[in-house]
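Colleague: Could you walk me through this structure? I should like to go through it topic by topic.

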Amino acid sequence: MSNESKKLGVIALTALIISSSIGSGIFAIPTDMAAAAAPGSALVAWLIAGIGVLTLCLSIVNIIKQKPELSGIVSYAEDGFGPFNGFISGWGYWLSAWLGNVAFATMMMKTLGRFIPAFGEGNNLLSILVASVVLWGLYFLVNRGVESAAALNTIITLCKLVPLALYIVLAILFFDVNTFLSNFWGTTSGNFEWSSVMNQVQKSMMVIMWVFVGIEGAAMMSDRASSKKIVGKSTVFGLIGLLIVYISASILPYGIMSQEKVASLPSPAMGYVLASNVGDWFPVVVNIALIVSIFGCWLSWTMLPAETTLIMAQRELLPAKFGELNDKGVPTFSLFFMTALTQVFMFTLLFTQSAYQFAYALCTAAMFISWLYVVLYQVKLSHDLKDSKQLVLGAIGSIFFIWVIWASGIDYFLMCLIAYLIGIVFYIQARKQKGVEKLFTQTELILLVLLVVGAIFAIYRLATGQIQL
């Protein structure tokens, strides 16, 4: 990377953060939020989530400042808590990355279903077969070392942001205050009721956190900044910008139609919120833009899981096989392993009625593991450096992410642990390859037992029907 490309100011770096964080989730967020919460409760949820994500972003910024030699959030857990914790964080990040691709596939097929009804809700056999063709097409494309060109990224970004900006402007124009306030808290009495509001906040938390998946990479752009001093400022501005866009996309529909009507709109809902106001052309524009946007995200995120396992192999947290590169510099085995697992998981969507929500819930639950390690490392690092201000920041973040794992649905978290059973086998193999005699410390053994018990418990709950897909 040239020095010129690194010299980004506050505005440029903030714009990069916003552009790289907005994915497919925002197009479906009106219905997902309306199904969980009334407007007042949704605003409370955004406030809580905003504070939590802010602690994550500022923690990453501080860690970069204090430990510039560390590369990516996977290394934070290893540096702070040892190799097995580094594996847990990395495996969670890897899980989240390819499960996010399953969500992309489902949403793409569901959106195609608006034009071709045979695709249905994106989880029938035809949808899975077509998505599989795209999946393996991207595998062969990326395996040849082909990445999204700057021109393609520009087109995709425009397709994503232009209809989004148009949607927000039109939604403001058609916004009705009386409609917005008609059922503000979504409670029986119509007034603020703590238990009811917090129940709605809890239900909406997974929806909110899904759209923030990827923000952990924002602070990693610090090497492009003209000065380390602007990284924190740009991160805060970027988060504020994202919150404005996300909150606008999810809250404005409450002022156009009732919560019940928003919740019942076809998905992706963004185009249909304004259909009765501006005409049937708007859903078509939004859906086409979404398909193009998803393809771009899917292409970019096809390489990310393979790169994650490559880094873990280089750090000897996975067998050396995951780190082997082809003549194009691509980790072929890692890429194939991820693609094959994605393919298998796609077929499980035949058995769930809410395929997209199921996929992104698992993706987000897996990411929670890596995010939690970031703020826990922030606590440890700040304690070692005797920095009380940063210690409080990490403590708040730790409390938030422990709570959000529970609040968002502990069953999704438990199901992610099942995939750790496979990963642990690879981790043990990697440690043996390194020649380590004592594979686990006493603390790591306790953590290993908890992981295995959690995974077995999840399998039991699935087998007995206590977890509904």
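Modeller: The conversation below takes up salt bridges, helices, a surface patch and some backbone angles.

Modeller: Please keep in mind that this is a predicted model.

Colleague: Understood. How many salt bridges are found in the whole structure?

Modeller: A search of the whole structure gives 8 salt bridges. One of them joins D79 and K67, with their closest N and O atoms 4.0 Å apart. The pair links distant parts of the chain, since D79 sits in helix α5 (residues 73-81) and K67 in the loop between α4 (39-66) and α5, 12 residues apart.

Colleague: Are those two buried or exposed?

Modeller: D79 has a relative accessible area of 38%, so it counts as partly exposed. K67, with 23%, is also partly exposed. Buried would mean under 20%.

Colleague: Which residue does E121 meet in a salt bridge?

Modeller: The side chain of E121 meets that of K110, at 3.8 Å from N to O. E121 lies in the loop between α6 (83-112) and α7 (125-143), while K110 is in helix α6, so the salt bridge ties together parts that are 11 residues apart in sequence.

Colleague: And how accessible are E121 and K110?

Modeller: E121 is partly exposed, because its relative accessible area is 40%. K110 counts as buried, because its relative accessibility is 6%.

Colleague: What about D384 and K380?

Modeller: D384 forms a salt bridge with K380, and the closest N and O atoms are 3.3 Å apart. Both residues are in helix α17 (residues 355-385); they are 4 residues apart, so about one helical turn separates them. D384 is partly exposed at 46% relative accessible area, and K380 is partly exposed at 33%.

Colleague: Which residues are joined into one network by salt bridges that share partners?

Modeller: Those are K110, R114 and E121.

Colleague: Let us change topic to the helices. How much of α3 is covered?

Modeller: Helix α3 (residues 25-34) is mostly covered, with 10 of its 10 residues buried. Among them are I26, F27, I29 and M33, together with D32 and T31.

Colleague: At what angle do α15 and α16 pack?

Modeller: Helix α15 (residues 281-314) packs against α16 at an angle of about 120°, and their axes are 8 Å apart. The angle makes α15 oblique to α16. Their crossing is right-handed.

Colleague: Does anything in α16 belong to a surface feature, and if so, which residues make the nonpolar surface patch?

Modeller: The patch is made by L125, L129, F347, L350 and F351, and its area is about 490 Å². F347 is placed in helix α16 (residues 332-348).

Colleague: Why does F347 count as partly exposed?

Modeller: F347 counts as partly exposed because its relative accessibility is 33%. The band for that term runs between buried, under 20%, and exposed, over 50%.

Colleague: One last topic: the backbone. What is phi of E316?

Modeller: Phi of E316 is near 60°, a positive value in a residue other than glycine. E316 is found in the loop between α15 and α16, and with a relative accessible area of 34% it is partly exposed.

Colleague: And what is phi of K386?

Modeller: Phi of K386 is near 55°, a positive value in a residue other than glycine. K386 is placed in the loop between α17 and α18 (388-407).

Colleague: Is K386 buried or exposed?

Modeller: K386 counts as exposed, because its relative accessibility is 75%.

Conventions: Residues numbered from 1 in each chain as written. Predicted model: local features only at pLDDT ≥ 70, side-chain atom pairs only at ≥ 80, totals over all residues. Heavy atoms only, no water. Patch = residues over 30% accessible without salt bridge, like charges linked within 9 Å, V, L, I, M, F, W, Y side chains within 5 Å. Areas by Shrake-Rupley, 256 points an atom, 1.4 Å probe, with all protein chains shown as cover. Helix = DSSP H or I, 4+ residues; strand = E, 2+ residues; numbered from the N terminus. Buried < 20%, exposed > 50% of the residue type's maximum accessible area, 1.4 Å probe, protein only. Axes fitted to C-alpha atoms, helices over the stretch in contact; angles between N-to-C directions. Parallel < 35°, antiparallel > 145°, perpendicular 65-115°, else oblique. Left-handed = near helix turned anticlockwise from the far one by under 90°.
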